[in-house]
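Welcome! Here are a few short exercises for getting to know a new structure, each with a worked solution.

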Amino acid sequence: MSTNIQVLDLLAPEFSAVDTTIKTDFITQAAAQLSPVVWGSKYQMGLVRLAAHWLTLRARALAGSGGGGGGSAGPVKREKAGDLEIEYASSASSTAAGSYSTSPYGTTSHGMEYLVLRAELPRASAYVVTG
């Protein structure tokens, strides 16, 4: 079985050069958000996709931009050569997880994959059966 770091490096190669300690910290934070019982066999994929989403946001913040960076969502909408300007279109895709463009997870491709996985989880019943 592959470790979380190995799966992260496989699915998000843009972070292969990031220090292992930083990746481990993000995976630990993601683990605090997900329940292995609820996620079942999808736990490791959800964990890694969530960590990769946050790592992408970190990379964007370090680069000083809200768009672009590894795993960005949406195609380039506009480019400008003088004073360099790039604008990314947001994804308008939607699934059972809801509209990607209205979810904070829809800002990265890893976040969108996380939403797809989350949408596949069994829903808890809101009904209480009494005898």
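**Exercise 1.** Find the pattern that the protein chain follows along the sequence.

*Solution.* Reading along the sequence, you meet α-α-α-α-β-β-β-β-α. That gives five helices and four strands in the protein chain. Helices (H or I, at least four residues) and strands (E, at least two) are DSSP runs, numbered from the N terminus.

Before going on, note that this is a predicted model: local features need pLDDT of at least 70, side-chain atom pairs count only at pLDDT 80 or more, and totals for chains, interfaces and linings use all residues. Residues are numbered from 1 along each chain as its sequence is written, and side-chain values use heavy atoms, leaving out hydrogens and water.

**Exercise 2.** Work out how the reach of helix H4 compares with the expected span.

*Solution.* Start with the residues: H4 covers 43–63, which is 21 residues. Next, take the expected span, 1.5 Å times one less than the number of residues. From first C-alpha to last, H4 reaches 30 Å, close to the 30 Å expected. Just after H4, Gly-64 has a positive phi of about 75°.

**Exercise 3.** How confident is the predictor in the protein chain?

*Solution.* Use pLDDT, the predictor's confidence in each residue, from 0 to 100. The chain's average is 79, and 65% of the residues score at least 70. Over residues 67–73 the pLDDT is below 50, yet this stretch has 25 contacts (heavy atoms within 4.5 Å) in the model beyond near neighbours in sequence.

**Exercise 4.** What share of the protein chain is buried?

*Solution.* Count residues under 20% relative accessible area (1.4 Å probe, protein chains only) as buried. They make up 31% of the 131 residues.

Note on methods: Buried < 20%, exposed > 50% of the residue type's maximum accessible area, 1.4 Å probe, protein only.
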